[in-house]
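Student: Could we go through this structure together, one question at a time?
Tutor: Gladly, let's have a look.

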Amino acid sequence: MTITFNSKIPAGAIGDKWATYKEDAKLVAPGNKRKFKVIVVGTGLAGASAAATMAELGYQVDVFTFHDSPRRAHSIAAQGGINAAKNYQGDGDSVHRLFYDTIKGGDFRSRESNVHRLAEVSVNIIDQMVAQGVPFAREYGGLLDNRSFGGAQVSRTFYARGQTGQQLLLGAYQQLARQIGLGNVRMFNRTELVDVVTVDDRCAGIVTRDLVNGEVVSHAAHAVVMATGGYGNVFYLSTNAMACNVTAAWRAHRKGAAFANPCYTQIHPTCIPQSDPTQSKLTLMSESLRNDGRVWVPTNADESRSADQVPEAERDYILERLYPSYGNLAPRDVSSRAAKRAVDAGLGVGPLKNGVYLDFSDAVNRLGKDVVEERYGNLFQMYERIAGENPYDVPMRIYPATHYTMGGLWVDYELMTNIPGLYAAGEANFSDHGANRLGASALMQGLADGYFVLPYTIGNYLAPMLNKPIPGTDHPAFKEAELAAAARYQGYVDIKGSRSPDYFHREVGRIIWDYCGMERTQQGLEKALSELPALYEEFQKDLRVTGDAESMNQTLEKAGRVDDFFQLGMLMCRDALEREESCGGHFRAEYQTDEGEALRNDEDFAHVAAWEWTGDPTKSVRHSEELNFEAIHLATRSYK
Amino acid sequence: MSNHLKNLKLKIWRQSGPTDSGHFENYVMDEISDEASFLEMLDVLNEGLIGENKLPVVFDHDCREGICGTCSLMINGQAHGPERSTATCQLHMRKFKSGDEIVIEPWRASAFPIIKDLMVDRSAFDRIIESGGFITAPTGGAPDANLIPIPKTVADAAMDASQCIGCGACVAACPNGAANLFTGAKIAHLNLLPQGQAERFKRTEAMVETMDEYFGSCTNHGECEAACPKEISIDVIALMNKDYRQSKLKNRKEISRT
Ligand SMILES: Cc1cc2nc3c(=O)[nH]c(=O)nc-3n(C[C@H](O)[C@H](O)[C@H](O)COP(=O)(O)OP(=O)(O)OC[C@H]3O[C@@H](n4cnc5c(N)ncnc54)[C@H](O)[C@@H]3O)c2cc1C
Ligand code: SF4
Ligand code: FES
C-alpha cells in the first residue's frame, strides 16, 4: 500500500471549517443506516460515546473490549476534570481561547483545524453529559462549578469530585447499555482485537481472540473505529491500568496505518513515587491538587528534618520561583522537568529521596480543613492508603510518571487513518494535543471524537457504499489473518524459554524510561536502539508462557502485548532521535535555551512525523505532514 | 521505611474452569515488602509459579487504584479483605503480619459463575443496567447544562450513590447473594436527579425485576454496606424499595409522573 497523507482540511476561515464540512458531508438516509455494519473497538469515553451515538442513529454496531464489562475501560480512572469553553465563570473564556491554549499547550505541533473543532464542540459535551445524569460538582445555587487546570488562566474545568472520568464513563456506558438492551449494539466482552484486515486497500474488518477460550474469529464491517486508548504502558511503570496496551493500534499500523509522533509522551508531575521494586504501577494524584498545593524542596541537600520543621527561608518553591505567572499550575511537561532537576540535584525528599513535596498546610490554614477535605478528600484518602502518611499533617511526596501518549494512529480531519474505512478516536489517535496535552483535555477529546465528530464523518465515507457488497469473513484475507493470529499466540506458548512476559516488560520499560523518558539525548537514544533489538531477540527465544492458547491464559495475553511494546519502543526511539528539537513532552537535552527550556526548531520540524511499517521494526519509514499555522502565530511557549 | 513480612501461608482457590469442582492449594510466600499491595504479592507468587513451570493464579484486576471495579477476592472470608472501604487492589501488605495464614477465594454467588481460579463472570450486573440504568438522552439536542439548577445537596447525594464501581462485593458478602446495594445505588443516582424523573418508575420496575431474575433476595443483613469499597449507604435500598412499590401502582395505571 502506498501511503498518501491528505489531511482533508476543509477550506474557509478557521471558525467556519467544521460548519462547512457538515454542510457538505454526504448523508446516509435514516432508513438506510441499518444496512451498514460498524465495528467499534474499545469502550472508553471515545468508544462508548461513538458506539452509542451511531447505534442511536441506526447503524448496526458491534463493540469489542478485552475488559469483562464496557464500564471498566481505563477512562474510568481519570480524576481531575474535563475542559469546556462554557465561560460559566465569566472570566473571559471562549472557544478561541480554549483553541489557543490547546495549540500553545501542545507547543505548536498539532493541526489547527482539528483543535478548533474540538474547542467548538466542547460546550456540547457538558450539555450532553448533564442531560444523561452526570453529577458534576455544583455551587450552592445549583449551577455548575469549575476549577482551573494547568496551562490555562481561566476556570473551565468541570469535575465530579476526584472521579470525573468515572462519572463521565458511566454516563457513556449507560447510554451504550441502553442500546445493547434495545438490541442495536452487539457487545463482545473479554474479546481482544488481534488483527485488522484490509481488502483492496480498504479496511474490511478485524480478527479477535476470545480471552476465555482462546477462539480466534473474524468480523467483517463497512467501517472500523479504533478507540483503544494510549500506549503509556510501554514504560512498564505508568499511571495506566495494568491491561492498557498498544496491540490494536500496532496491529493496524502493521497493516498499513501510519503511526504518528510516537515519541510524544506525557509525563505527569504529580504521582506517588515508587516505593519498592515489586511495584506494578504508579498512582496519579490529580493535577487539581496543584490548585491549592505548593510544590517545594529543601534548599539543603542534606536536609533531615521533617517537612514542618524546615523554615520558610530554607524551602525552594520551585514552580512559583521559576514560573511566577502560572506558579504551581505550570503545564505538565514544564513542572515535571522542574521536579526531575530538583531530584537529580540531590534535593529529593522521602526515604528514597525520589520525590518533591506537595504541601497543603497553607491551604488548610487559609481555607480550613473542611474545605480542603471537600475538594480533595478522596484523593487524600487514596494517598494515605498507598503511602501510609496523612497529607493533612505531612506534605504529600510526588514525582513525575508516564501518564498519557499524544502520539498514535495518524488520522485526517475526519478521524480516518490512511486506510480507508479505518478510524481512530480518543487517545488512540494523534490528533489534537500536539507535543503536550493540557490537563482535562483528554476526556474532552475522547467525548468530542465519539459524540460529535465520528457520527458525522463516518456517514461521508459510508454513503457511497450503499447497497454495494463488502467482503465477508469467508474472504481469503480473513482466513489468512486468522491463521496468522492463531499461530502467533501458539508461537508464544511454544517458545518454552525461561523468562516471563513481565520480566521482559520490565526490561523494555526500563530502557524506554531511561533513554526515551523525560529527557532524551542522541547518545541515549542510540544506546536504546542497540539494546532493544538484542532484548527483543532474547524475548523471541527465551519467553516462557505456561498453560495453553485454548483457555483463559493471562500470561499469554501479556506476551502478545509485550511483543507489540517492543516493536513500538523501537519506533519511539527512532522518532525521538530524528526529531532534532525539543517540544512539549519531547525534551532533547541538546536543544534547550540558556534557561533550560525546550527549544523548538520550527524551520525543520513544524510537521507531524508519520511512520510507515516496513516489516522490520528498526526500519520504518518516516513521512511528514506539514503543519500550517494560519489562525495563530507560531510563538515561543512561555509560562513565566 | 519498608519492612518485610515473612512466611505467609496462602491458601488459594484453584479451579481450571466453570465445570471443574475446584480445590484449595497451599503456597508459602517467604518474604514480601509491606509496601507491596495485595495484588503485587500475588504478582510475585505468579512470577514464582511461572518460574516453576506451573500455571499462575488467574485473577481479575486492572486499574489498581480502586476505581475500575475489576478486582475482587474474598480474603479470609471478607470481600475485598480486612480494610474498610478499600478495594482489594488498594489493600497493602502492611495490614498483615509475618506468619499469617491468608485464605483467598473468588466471589461466591450463583449469579457470578467462576471462569477460572479467582475470576468470575459478573455480566449479570450489565444486564441490570441495560434494562433501565440510564437516562434516555440521545446525543445532540441536549439543553444548556445550566438550564436546570440542581441543589448542591441533591447533586451530592446523587454523586454519593453513583460512586459504585460495580465490583460485586455486596453480592459476595450477602448470605443470599442479593444485588440490592448495586441496583439501589444506580436507581438512587438517577432517581434523585431532575433529569431522571421522566423515567423514574419505569426504570425502577425494570431494574428491580431484572435483578430478581439473576440474584437472591434481600433480607436486610446489611453485610453489603460493610463490604462496599465505596461506602454506598444501605439507604439506597430503602429508596429503591419505596420507588418500586410506587412504580407498581403508577405503572399499572400508566400514570407518567409530572
Ligand atoms: C490516572 C489517570 C487520570 C487521568 N485524568 C484525566 C483527567 O482528569 N482529565 C482528562 O482529560 N484526562 C485524564 N486522563 C487521560 C484520559 O483518562 C484518557 O486519555 C482517556 O480516558 C482515554 O480514553 P479512550 O476512550 O481513548 O481510551 P480508554 O478509556 O483507555 O479505553 C480503551 C478501550 O479500548 C479497549 N481496548 C484496547 N485495546 C483493545 C484490543 N486490542 N481489543 C479490544 N479492546 C481493546 C479497552 O478494553 C478499553 O475499553 C487520565 C489518565 C489517567 C491514566
Ligand atoms: S455497591 Fe459497593 S460493593 Fe456493590 S458493586 Fe457497588 S461498589 Fe461494589
Ligand atoms: S483493580 Fe480497579 S478497582 Fe481494583
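Student: How far apart do the C-alpha centres of domain 1 of chain A and domain 2 of chain A lie?
Tutor: Keep in mind that this is a predicted model. Chain A is divided into domain 1, residues 267-402, and domain 2, residues 483-604. The C-alpha centres of these two domains of chain A are separated by 30 Å.

Student: What area do domain 1 of chain A and domain 2 of chain A bury between them?
Tutor: Domain 1 of chain A brings eleven residues to the contact, and domain 2 of chain A brings ten. Carbon and sulfur atoms hold 58% of the buried area. The area that the two domains of chain A bury between them is about 870 Å².

Student: Turning to chain B, which three residues supply 34% of the area that domain 1 of chain B buries against domain 2 of chain B?
Tutor: Chain B is divided into domain 1 (4-115) and domain 2 (123-257). Their contact takes 17 residues from domain 1 of chain B and 19 residues from domain 2 of chain B, and the two domains bury about 1300 Å² between them, 62% of it on carbon and sulfur atoms. Within the share of domain 1 of chain B, more than any other three residues comes from B:Ser85, B:Ala111 and B:Phe112.

Student: And what area do chain B and chain A bury between them?
Tutor: The contact between the chains draws 76 residues from chain B and 79 residues from chain A. On the side of chain B, B:Glu65, B:Thr139 and B:Lys152 supply 11% of the area buried against chain A, more than any other three residues. Of the whole buried area, 50% is on carbon and sulfur atoms, and the total is about 6300 Å².

Student: Now some helix pairs: are H3(A) and H12(A) roughly parallel or roughly antiparallel to each other?
Tutor: The axes of H3 (residues 45-57) and H12 (residues 442-462) of chain A come within 8 Å and cross at roughly 30°. Angles under 35 degrees count as roughly parallel. H3(A) and H12(A) are therefore roughly parallel.

Student: How many charged residues does the contact of H3(A) with H12(A) have?
Tutor: H3(A) contributes residues including A:Leu45, A:Ala46 and A:Met54, and H12(A) contributes residues including A:Leu443, A:Gly446 and A:Ile458. By class, the contact of H3(A) with H12(A) has eleven nonpolar residues, four polar residues and no charged residues.

Student: Are H2(B) and H6(B) roughly parallel or roughly antiparallel to each other?
Tutor: In chain B, the axes of H2 (residues 123-132) and H6 (residues 200-214) come within 8 Å and cross at roughly 155°. An angle over 145 degrees counts as roughly antiparallel. H2(B) and H6(B) are therefore roughly antiparallel.

Student: Is the crossing of H7(A) and H16(A) left-handed or right-handed?
Tutor: H7 (residues 247-254) and H16 (residues 554-578) of chain A have axes that come within 10 Å and cross at roughly 60°, and the two helices are therefore oblique to each other. The crossing of H7(A) and H16(A) is left-handed.

Student: How many charged residues are in the contact of H7(A) with H16(A)?
Tutor: Among the residues that meet are A:Trp250 and A:Arg251 in H7(A), and A:Arg561 and A:Asp564 in H16(A). The contact of H7(A) with H16(A) has three nonpolar residues and four polar residues, and its charged residues number four.

Definitions and conventions. Residues are numbered from 1 along each chain as its sequence is written. Chains are lettered from A and ligands numbered from 1 in the order in which they are written. This is a predicted model: local features need pLDDT of at least 70, side-chain atom pairs count only at pLDDT 80 or more; totals for chains, interfaces and linings use all residues. Side-chain values use heavy atoms; hydrogens and water are left out. Axes are lines fitted to C-alpha atoms, for helices over the stretch in contact, and angles run from 0 to 180 degrees between N-to-C directions. Helices (H or I, at least four residues) and strands (E, at least two) are DSSP runs, numbered from the N terminus. Angles under 35 degrees count as roughly parallel, over 145 as roughly antiparallel, 65 to 115 as roughly perpendicular and the rest as oblique. Domain bounds come from an automatic or database domain assignment. Contact means heavy atoms within 4.5 Å. Buried area is the accessible area (1.4 Å probe) that two parts lose on being put together, summed over both. A crossing is left-handed if the near helix is turned anticlockwise from the far one by less than a right angle, and right-handed if clockwise. Ala, Val, Leu, Ile, Met, Phe, Trp, Tyr, Cys and Pro count as nonpolar, Asp, Glu, Lys and Arg as charged, and the others, Gly among them, as polar.
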